[in-house]
Amino acid sequence: MKYIILILFILCVVYIHYRGRVRYPFWRQLSDHSTFTAPLNVFMYLFSRVPTTPYLQLEPFPDLIILRDNWQTIREEGQQLMAIQQIKASDKFNDAGFNSFFKTGWKRFYLKWYEDNHPSAMVLCPQTTALLRSLPSVKAAMFAELPHGSRLPRHRDPYAGSLRYHLGLITPNDDRCFIEVDGERYSWRDG
């Protein structure tokens with residue numbers, strides 16, 4: 001029985017490794033967290049109705065259209081947070097999911113984590129948190145900042161049970177600010 005489980009685990013890791021067009025080198029893949037969550041993710045991929053394209057259209061996700069339509073209000077609250085320096089890296093590198101990002105300049109301010117809006121977010125960003133409370137499909141939200149010259153290390157998302165939506169609020173409005181998913185670049189623009 002233990003060999004069957006081991007073989008199934010290895011098959012899941014191989015599937016995850018070859019999923020998409022861009023792959024980690026073999027040794028990097030073995031040490032990546034996507035390897036350890038491979039069985040769970042393969043199970044989710046098997047039953048998912050989400051297309052396997054790197055980017056999705058907004059139309060099937062009406063809650064996200066509401067956020068996009070209110071991007072200027074959200075940006076104003078984000079600018080206020082920046083002015084009082086509340087969008088920041090973790091002081092103690094105790095945010096396990098993002099520690100490697102902090103080392104390259106990434107900063108964040110949590111607005112919502114599953115059912116709870118953060119108390120500081122409700123005080124500092126009342127309009128944004130009110131919007132988020134009205135959108136039950138949005139489980140987590142944050143302001144993220146990549147200051148000029150910073151970067152995110154290449155990574156694979158460890159968990160297939162959620163989708164990410166990035167809303168550009170303050171960008172250079174050109175191709176210098178981009179994300180690359182499975183080899184396809186997308187440049188952010190305000191809104």
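Which residue of β3 does K112 stand opposite? K112 faces A141 there, and that pairing is a good way into the sheet.

First, some ground rules. This is a predicted model, where local features need pLDDT of at least 70, side-chain atom pairs count only at pLDDT 80 or more, and totals for chains, interfaces and linings use all residues. Residues are numbered from 1 along each chain as its sequence is written, and side-chain values use heavy atoms, with hydrogens and water left out.

**The sheet**

Helices (H or I, at least four residues) and strands (E, at least two) are DSSP runs, numbered from the N terminus. Three strands form an open sheet in the order β2-β1-β3, with antiparallel pairing; two strands pair if DSSP finds at least two bridges between them. At the edges sit β2 (116-117) and β3, each pairing on one side only. Strand β1 (residues 107-113) and β3 run antiparallel and are joined by six bridges. Here are two of the residue pairings:

| Residue | Partner in β3 |
|---|---|
| K112 | A141 |
| W113 | A140 |

In a regular strand the side chains alternate between the two faces of the sheet. Strand β3 (residues 140-145) does just that: A141, F143 and E145 point to one face and are buried, while A140, M142 and A144 point to the other and are not. Buried here means under 20% relative accessible area, exposed over 50%, and partly exposed in between (1.4 Å probe, protein chains only).

**Helices on the sheet**

Helix α6 (residues 71-83) lies across β1 and β3, at about 55° to β3. Helix α9 (residues 126-133) packs on the sheet too, touching β1, β2 and β3, and its direction makes about 45° with that of β1. Contact means heavy atoms within 4.5 Å. Axes are lines fitted to C-alpha atoms, for helices over the stretch in contact, and angles run from 0 to 180 degrees between N-to-C directions.

**The α1/α4 pair**

Helix α1 (residues 2-18) packs against α4 at an angle of about 65°, with the axes 8 Å apart. The two are therefore roughly perpendicular, a label for angles of 65 to 115 degrees. From α1 come F9, C12, V13, Y15 and I16, and from α4 A38, P39, N41, V42 and Y45. By class, that contact has nine nonpolar, one polar and no charged residues. Ala, Val, Leu, Ile, Met, Phe, Trp, Tyr, Cys and Pro count as nonpolar, Asp, Glu, Lys and Arg as charged, and the others, Gly among them, as polar.

L46 also lies in α4 (residues 38-47), and counts as exposed because its relative accessibility is 63%.

How values were computed:
Angles under 35 degrees count as roughly parallel, over 145 as roughly antiparallel, 65 to 115 as roughly perpendicular and the rest as oblique.
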